[in-house]
Amino acid sequence: MKPAPFRYVRARSVDDAVAALARDPEAKLLAGGQSLIAMMNVRAVKPETLVDINALSALDYIKVKDGGIAIGAMTRHETVKSSPLVAEHCPLLAEAYHWIAHRAVRNRGTYGGNLCHADPASENPAVALVTGATMVLKSAKGERTVAADDFFKGVYQTAARHDELLIEVRIPSRPKGQGWGFMEVSPRKGDFAMTAVVCTLELAGATVKTARVAYAGIADRAMRFAPVEAALTGKPANEATFAAAGAAARKAINPSSDFHADEAMRRDLAETLTRRVLAAAKARCT
Amino acid sequence: MSNEKITITVNGKRYDKEVEPRRLLSDFIRDDLRLTGTHVGCEHGVCGSCTVLMNGKSVRSCLTFAVMADGAEIMTIEGLGTAENMHPLQKGFWEKHGLQCGFCTPGMLMTAVELLKEKPRPSVDEIREALSGNLCRCTGYQTIVESIQRGAEIMQGGK
Ligand SMILES: Cc1cc2nc3c(=O)[nH]c(=O)nc-3n(C[C@H](O)[C@H](O)[C@H](O)COP(=O)(O)OP(=O)(O)OC[C@H]3O[C@@H](n4cnc5c(N)ncnc54)[C@H](O)[C@@H]3O)c2cc1C
Ligand code: FES
Ligand code: FES
């Protein structure tokens, strides 16, 4: 249970970090280490070079920007969890954080590292999908942005290229009147989700105007499903509609079994949590 | 794979050492400094027994490389109290039977130190939430919760 040897590079600035990545195709970024070091300890990964970005305090911030909030990639989980700005502009993210990891892990783990790790059962990618978050990536060649919908590609896979550093995540502020919901079932609170369902919901009178529903723990990555959202858009915002969306979720997902939950249980969870999370969101459409 | 020079203060004492980059903070503390009060259970972040304070905040020392703690102040269980002069939390654990085998206890105590710093009078729910990342295979947690409540009481000046 010890990591394989590696070369250690301490980046002093963002430019330093991207230069190190450009130089060495075998280099891997080390943020909070709360996923990476665990995987190195069991030798699931053996990076040749680690570029430690913990000194990049310039990427540790939460600020209001262009109708939303911008979170620096090196912001620790615990900072996001306790941020009044996050609670005000993105209450769904604040809610999700009640379910993310344990205190000691949150003291070190970073918001950016969490998204880049892209664990299929991780909550933050699902939240990023329904809130319409945008990732800002930087390499020695320049900057680009990627929408959350295009960012998560598979188990531990994202659209970030090897030479790119995630520097910022932008999340639009909750529009007035938009409801939101988060529900999760996990073996122990703070562990990865067996299934988590998150949503945002906007009404026009008694009708669903827009709904976004995303799932964690049921596929190789956080996902939205067109049939679920189609079962909602333009329909009356009531229990029957929410139940129909739940039924659509049961059909749309294609979960696998593991020792925490088998496929049938995940389908049950997806259906039930979809229904409940939408009802919770409706109650918050004020 | 050259070694790195690091300076770490542990329990108020400064250490200048050279370490391999892959040296875990847990192994640095236990093997290099011979402070074996910090326990290592799972070595991949699940059990919490290796919890120490780094610059006042709880961290899993098995998920931290010693090089990442360069310049930091670490507090381990050895810095909390002694058999003759126990910390109020240690007294609480003693009085309320908060341990059986004692393997998880250093991690439980360091976690509780952080909790009481922020919430001097935590509710039972707050205690359980704070302990969510620490596993104990002996006690069933009930006496640990009571021990922390008792520790809080002693810290508040209770007898
Ligand atoms: C006991 C335990 C419970 C946990 N529970 C949960 C949970 O419930 N939900 C959850 O979501 N997570 C959970 N985690 C994981 C935790 O959230 C990690 O902090 C997170 O997944 C990784 O963030 P990090 O900063 O530690 O990144 P690291 O572990 O340092 O890195 C993770 C990966 O991302 C890459 N990376 C890091 N930063 C960047 C960047 N800025 N740009 C590009 N690539 C980057 C790294 O190269 C690496 O591949 C848990 C972990 C533990 C140990
Ligand atoms: S030994 Fe570090 S968490 Fe288990
Ligand atoms: S007292 Fe034995 S593991 Fe907790």
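One cavity of 30 Å³ or more is found in this structure, which is a predicted model. The volume of the largest cavity comes to about 50 Å³, and residues from chain A and chain B appear together in its lining. Elsewhere, the buried nonpolar residues form a largest core of 42 residues and a second, separate core of 32 residues.

**The cavity and its lining**

- From chain A, the lining of the largest cavity includes His102(A), Arg103(A) and Ala104(A), while from chain B it includes Thr51(B), Ser58(B), Arg60(B), Thr111(B), Ala130(B), Gly133(B) and Asn134(B).
- Two elements, helix H6 (103–108) of chain A and strand S4 (57–60) of chain B, each contribute at least two residues to this lining.
- By character, the residues of the lining are divided into six polar, two charged and two nonpolar.

**The largest nonpolar core**

- Within the core of 42 residues, the residues with the most contacts are Ile71(A), Leu93(A), Tyr111(A), Met135(A), Phe152(A) and Ile171(A).
- Helix H8 (residues 123–131) of chain A provides the largest share of this core, namely five residues.
- This core lies between domain 2 (59–172) and domain 3 (179–283) of chain A, because both domains give residues to it.
- If neighbours within four places in sequence are left aside, Leu93(A) is in contact with Ile71(A), Val80(A), Val86(A), Tyr111(A), Asn124(A), Val127(A) and Ile171(A).

**The second core**

- The separate core of 32 residues has members from both chains, among them Tyr8(A) from chain A, and Ile29(B), Cys50(B) and Met68(B) from chain B.

Note on methods
Residues are numbered from 1 along each chain as its sequence is written. Chains are lettered from A and ligands numbered from 1 in the order in which they are written. This is a predicted model: local features need pLDDT of at least 70, side-chain atom pairs count only at pLDDT 80 or more; totals for chains, interfaces and linings use all residues. Side-chain values use heavy atoms; hydrogens and water are left out. On a 1 Å grid over the protein atoms alone, a cavity is a set of points where a 1.4 Å probe fits but cannot get out, and a pocket is an open set with protein on both sides within 12 Å along at least five of seven lines; lining residues have an atom within 4 Å of a point. Grid points are joined across faces, edges and corners, and a volume is the space filled by probe spheres set on the points. Helices (H or I, at least four residues) and strands (E, at least two) are DSSP runs, numbered from the N terminus. Ala, Val, Leu, Ile, Met, Phe, Trp, Tyr, Cys and Pro count as nonpolar, Asp, Glu, Lys and Arg as charged, and the others, Gly among them, as polar. A nonpolar core is a set of buried Ala, Val, Leu, Ile, Met, Phe, Trp, Tyr and Cys residues joined through side-chain atoms within 4.5 Å. Buried means under 20% relative accessible area, exposed over 50%, partly exposed in between (1.4 Å probe, protein chains only). Domain bounds come from an automatic or database domain assignment. Contact means heavy atoms within 4.5 Å.
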